[in-house]
Amino acid sequence: MDMNGCGDADVLDLNGAGPSENGAFVLMGSVAPEDNYRGSCTAEMSVGPDAVIQFTVPSTGEWEFNTTGSEFDTVLYARTSCLNSESEIECNDDIDYGAGLSQSRLRLSLEEGTTLFLFIDTYDDQALTPAPFTLTAKPYIMTNPPVLDSAVMVVDTELNTIGILIEGTDAESD
């Protein structure tokens, strides 16, 4: 019997991990050795093991979901209906690949009681190797806002162009 709308998929329960003292839910698991799902940001022709995780939002607000701590290059996407790819809310492949952050992160504004299906997919693993992942869900609270150090604007009236150079730091890489 299909209790969660995911057919025969083995669905993990993120709420079952229970919130920690800081309100975060942390689930450690493993992607299955089969490729069943694709997100809208999954690379063309990419094959990789995946996992499905169900989460019911405990409080209204902005929530962050991330795969930081996972041992492989992840793709993370969220749907409101498990088997309906049209219900995808958002998809992320790499927090910042250029900086070497090949794990994934989503930030979603959600209502209490909303049930999500989160998919952790492996980026291009043709061998379909099971691998451990860590999924964290937590209320998003920006703790270190970006700092603007300088801004310079240059106007070229002959070419009708404007150039802007902005320099600063963003500790959270937002």
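Which residues make the nonpolar surface patch of about 670 Å²? The points below take up that patch and then the aromatic rings.

1. In this predicted model, the nonpolar surface patch is made by Leu148, Met153, Val155, Ile162, Ile164 and Ile166, and its area is about 670 Å². Two elements give two or more residues to the patch, namely strand 10 (147-156) and strand 11 (161-169).

2. Among the patch residues, leucine 148 can be looked at singly: leucine 148 belongs to strand 10, and its relative accessible area is 58%, so that leucine 148 counts as exposed, the cut-off for that word being over 50%.

3. Turning to the aromatic side chains, the structure holds six aromatic pairs. For tyrosine 77 and phenylalanine 119 the ring centres are 5.0 Å apart and the planes lie at 5°, and the pair is therefore stacked, since planes under 30 degrees apart count as such.

4. The pair of tyrosine 77 and phenylalanine 119 links distant parts of the chain, with tyrosine 77 in strand 5 (residues 74-79) and phenylalanine 119 in strand 8 (residues 115-122), 42 residues apart. Tyrosine 77 and phenylalanine 119 are both buried.

5. Phenylalanine 119 also has a charged neighbour to be noted, as arginine 79 lies over the face of its ring, at 4.6 Å from the ring centre.

6. A separate point concerns the grouping of rings: Phe25, Phe55, Trp63 and Phe65 together form one aromatic cluster.

Technical notes
Residues are numbered from 1 along each chain as its sequence is written. This is a predicted model: local features need pLDDT of at least 70, side-chain atom pairs count only at pLDDT 80 or more; totals for chains, interfaces and linings use all residues. Side-chain values use heavy atoms; hydrogens and water are left out. Patches are made of residues with over 30% relative accessible area and no salt bridge: like charges are joined within 9 Å, nonpolar side chains (Val, Leu, Ile, Met, Phe, Trp, Tyr) within 5 Å. Accessible areas come from the Shrake-Rupley method with a 1.4 Å probe; for residues, only the protein chains shown count as cover. A salt bridge is a side-chain nitrogen of Lys or Arg within 4 Å of a carboxyl oxygen of Asp or Glu. Helices (H or I, at least four residues) and strands (E, at least two) are DSSP runs, numbered from the N terminus. Buried means under 20% relative accessible area, exposed over 50%, partly exposed in between (1.4 Å probe, protein chains only). Rings of Phe, Tyr and Trp (its six-membered ring) pair if their centres lie within 6.5 Å; planes under 30 degrees apart count as stacked, over 60 as edge-to-face and the rest as tilted. A charge sits over a ring if NZ of Lys or CZ of Arg is within 6 Å of the ring centre and within 35 degrees of the ring normal.
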